[in-house]
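The following note sets out points on strand pairing and helix packing for a colleague's consideration.

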Amino acid sequence: VYAALIVASLYTAYLVVVTGNGTTTQRYAVGLALGVILFARYVAFIALRIYRAVWRYAGARDVVAIVIAVLASEAAAYGFLELFGDMRDLPRSIFAIDALIAGPLIGASRFGERALVAALGSLRRGEQRRTLIVGAGSSGRSMMRELRERPGEQVIGFLDDNPGLRGRRLQGVPVLGSIDEIDDVLGRARPESVLVTIAGASRERLDLVAAACARAGI
């Protein structure tokens, strides 16, 4: 898959820059460039462990790794060809355009699995269990990401005592109110399960959540 995308990217860059079919020298030079870029990109992907990533759980770090790999391999290929290849008739802008195309193209292919999982999950929304998370901190957001990867789970909102988060949305999920408002939120949102992710929650706050869930039959 990677090889096909790299070939498509460089060939597209060649068509953008070179008018018509180009000269014989240009076609030879771009063929040589393709071989060098394939090798350089393969080495860069191994060095940055892109092949070993689980793309269903991809995030910002994976995007950065792809960008670094593409730019580093492009620069290495360009330097090698300037030193050892015949690049007289090949416009240098091909390398810049190739990098601009290859990055998004490879990223889109690798993030496709995550998008597919999300799309399938949305199709099953009627079968999903509605979950409310108490605590919108790092633990709550981690729990939300984990639940999103599970078939049959839907996070409908957060409860958090931080007034600055009230009415805000965290990765598309709204903060519906504070813990003191849990009875009202349970009545409006109608979750099927409530998860508490506040590690240092006091016994009093936990009892408040538990009592509200008991009253609502959750």
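1. For the helix packing discussed here, axes are lines fitted to C-alpha atoms over the stretch in contact, and angles run from 0 to 180 degrees between N-to-C directions. The model under review is predicted.

2. On that basis, helix α2 (residues 24–47) packs against helix α3 (residues 60–84) at an angle of about 140°, and their axes lie 8 Å apart. The arrangement is therefore oblique, since only angles over 145 degrees count as roughly antiparallel. The crossing of α2 past α3 is right-handed.

3. From α2, the contact draws on Leu32, Ala33, Val36, Ile37, Ala40, Arg41, Ala44 and Phe45. From α3, the participants are Ala69, Val70, Ser73, Glu74, Ala77, Phe80 and Leu81. By class, the residues in this contact comprise twelve nonpolar, one polar and two charged.

4. Turning to the strands, β1 (residues 129–134) pairs with β2 (residues 153–159) in the parallel sense, over six bridges. Within this pairing, Arg130 is found opposite Gln154 of β2. The connection from β1 to β2 runs through helix α5 (residues 138–148), and the resulting β-α-β crossover is right-handed.

5. Strand β1 also pairs with β5 (residues 193–196), in the parallel sense and over four bridges. Here Val134 stands opposite Val196 of β5. Strand β1 thus has parallel pairings with both β2 and β5.

Definitions and conventions:
Residues are numbered from 1 along each chain as its sequence is written. This is a predicted model: local features need pLDDT of at least 70, side-chain atom pairs count only at pLDDT 80 or more; totals for chains, interfaces and linings use all residues. Side-chain values use heavy atoms; hydrogens and water are left out. Two strands pair if DSSP finds at least two bridges between them. Helices (H or I, at least four residues) and strands (E, at least two) are DSSP runs, numbered from the N terminus. A crossover is right-handed if, with the strands pointing away from the viewer, the path from the first strand over the helix to the second runs clockwise. Angles under 35 degrees count as roughly parallel, over 145 as roughly antiparallel, 65 to 115 as roughly perpendicular and the rest as oblique. A crossing is left-handed if the near helix is turned anticlockwise from the far one by less than a right angle, and right-handed if clockwise. Contact means heavy atoms within 4.5 Å. Ala, Val, Leu, Ile, Met, Phe, Trp, Tyr, Cys and Pro count as nonpolar, Asp, Glu, Lys and Arg as charged, and the others, Gly among them, as polar.
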